[in-house]
Amino acid sequence: MIVDKEPVVSVCIPTYQHAAFIRQCLNSVLGQQTSFPFEIIIGEDDSTDGTREICMEYARRYPETIRLFLRNEEEKIIINGKKTGRYNIIQNFREAKGKYIAMLDGDDYWCDNQKLQKQVDFLDAHPDHAICFHRTLKNIGGIEDLAPSAFRKWNTPRTLTITDLAAGEYFILTCSCMFRNGMYEELPAWFWKIPFIDYALHLWNAQYGKVGFLPDTMAFYRMHPESMWATKSLSFRLKMMIDLLHFLVQHFEGEVQVALLQQQRKNYDKLLPFLLKENNKEVLLELVEKSRQYPNGFQEKWVMENWLNLHHKVQKFPSLNIGRLMRKARQLTLGK
C-alpha cells in the first residue's frame, strides 16, 4: 500500500467490547492489496474488556495507516433509554479523508484481500453510483458458514435504486458497503435519534446515485450473543424496524415514501401474530396510534383489514378482549 499520499479509502471501524474479534478485523484490513493508499479510522467506544488496549497496540504498530480515536463514556448518545455508539459512528465518518468510505464493525472481517481494490475500481468506473456492496458470509459462534447469506442467485454485477432499498427487499450488510465521501456536508439531525443507523444511511446515500452490487463474496458477518441484530428474536427485530421506518417515512417523499409505507405495512402484519400471542395490548395500541401519522390512509386500511383476523383470534387467545381493544383502536385512529 502507498502511504505517502492522501488516502483514497477511509475504512471506518467502530468497536466496543470486541476484544475477542478486533485483531482479526484489523488484520483483514491491513492485509488489503491495493494500488492506492487507504487509512483505517478506529473509533474505540470506551470498552472495558481489553479492546481499547488492543487498538492502541495496533495504532502504535501502524501509525502511517491507523488513526485511533478514543471515545469517552460521556459522549455516548442515549436512544430509547439506552446508551448507543451513535456518536462514535458518525464521528468516524466526519474524520474520514478518503474519496470513499468503507464500513466495517469491529466484530466482522474481510476474507478477500482485493475487496477495497475491486470496490474502488467499480465506483471509479461508474460515477453515477453512490454505493457499492457485495455478497457476505456468516460466522456463527466462531464457525464460518461458507454459504452466501444473501443474493445467492446473482452471479453478475447488478444495479439497484433507492426505491429498491426502500421496498426492503435488499439489505446491505455493513461489512460489505463502500460509499462516496462528501456527497453532502452533514447527516440530518434525525440520524441522532433513529434506533439503528445502517439501513437509514444506505437509503440516504442512495439519493445521490445508484447502488451497485458485486457478486464476489468478500466479508464475514459475525453472529454472537452480543450481536446487536442477528441474534435477536424476529419480534424484536420487527419492532426495531417499525420504529426506524416511522422516522424514515417522515423524511422521504414520492415513490420512495410509498415503498417505505408498503414495507412498513408488511412489518405491521408480521408483528401482529406475536402481539396476539403475547397478549400485548400496549404495543398493539402503540402501533395503531403511530399508524395515524402515516399518509395514504395507512391507519384505516391496517385497522379495518385486520378486524376479522383479530376477532378470529379471540378463540385462540381468550385472555385478549379483541372487541374492546379494537373498539378503542378504531376510536383512536378513525374517530369512530
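**Exercise 1. Determine whether Phe191 is buried or exposed, and describe its aromatic pair with Trp204.**

Solution. Phe191 has a relative accessible area of 0% and is therefore buried, where buried means under 20% relative accessible area, exposed over 50% and partly exposed in between (1.4 Å probe, protein chains only). The structure is a predicted model, in which local features need pLDDT of at least 70 and side-chain atom pairs count only at pLDDT 80 or more, whereas totals for chains, interfaces and linings use all residues. Residues are numbered from 1 along each chain as its sequence is written, and side-chain values use heavy atoms, with hydrogens and water left out.

The next step concerns the partner. Trp204 is buried, with a relative accessible area of 14%. Rings of Phe, Tyr and Trp (its six-membered ring) pair if their centres lie within 6.5 Å; planes under 30 degrees apart count as stacked, over 60 as edge-to-face and the rest as tilted. The rings of Phe191 and Trp204 lie 6.3 Å centre to centre with 75° between the planes, an edge-to-face pair. Phe191 belongs to the loop between E11 and H6 and Trp204 to helix H6, so the pair ties together parts that are 13 residues apart in sequence. Helices (H or I, at least four residues) and strands (E, at least two) are DSSP runs, numbered from the N terminus.

**Exercise 2. State how many aromatic pairs there are, and classify the pair of Tyr87 and Trp192.**

Solution. The count comes to 16 aromatic pairs. For Tyr87 and Trp192, the ring centres are 6.4 Å apart and the planes stand at 45°, so this pair is tilted. Tyr87 lies in helix H3 (residues 86-95) and Trp192 in the loop between strand E11 (178-180) and helix H6 (198-205); the pair thus links distant parts of the chain, 105 residues apart. Tyr87 is partly exposed at a relative accessible area of 21%, and Trp192 is partly exposed at 23%. Elsewhere, one aromatic cluster is formed by Phe133, Trp154, Tyr170 and Phe213.

**Exercise 3. Identify the buried residues of helix H2 and explain where they lie around its axis.**

Solution. Helix H2 spans residues 51-61, and its buried residues are Thr51, Arg52, Ile54, Cys55, Tyr58 and Ala59. They cover an arc of only 160° around the axis, which puts them on the same side of H2; the arc is that of the directions from the helix axis to the C-beta atoms. An α-helix has 3.6 residues a turn, so residues three or four places apart point the same way. The cover over the buried residues of H2 includes strand E1 (9-15), helix H1 (22-30), strand E2 (38-44) and strand E3 (66-70).

At Tyr58, the charged end of Arg61 sits over the ring, 4.9 Å from its centre. The criterion is NZ of Lys or CZ of Arg within 6 Å of the ring centre and within 35 degrees of the ring normal.

**Exercise 4. List the surroundings of Arg52, and give its side-chain polar contact with Glu44.**

Solution. Arg52 lies in helix H2 and is buried, with a relative accessible area of 14%. Leaving aside neighbours within four places in sequence, Arg52 is in contact (heavy atoms within 4.5 Å) with Glu44, Asp45, Asp46, Ser47, Leu70 and Arg71. The side chains of Arg52 and Glu44 make a polar contact at 2.7 Å. A polar contact is a pair of N or O atoms within 3.5 Å; within protein, one must be able to donate a hydrogen and the other to accept it, and residues adjacent in sequence count only if both atoms are side-chain atoms. Between Arg52 and Tyr16, 36 residues apart in sequence, the C-alpha to C-alpha distance is 8.3 Å.

**Exercise 5. Locate Gly106 and name the residues that it touches.**

Solution. Gly106 is in the loop between strand E6 (100-103) and strand E7 (109-110), and at 0% relative accessibility it counts as buried. Not counting residues up to four places away in sequence, Gly106 touches Ile13, Pro14, Thr15, His18, Phe21, Ile22 and Cys25. The C-alpha atoms of Gly106 and Tyr16 are separated by 7.3 Å, although these residues are 90 apart along the chain.

**Exercise 6. Which residues of helix H10 are buried, and how are they arranged around its axis?**

Solution. In helix H10 (residues 298-305), the buried residues are Phe298, Gln299, Trp302 and Val303. Their directions fall within an arc of 110° when seen down the axis, so they line one face of H10.
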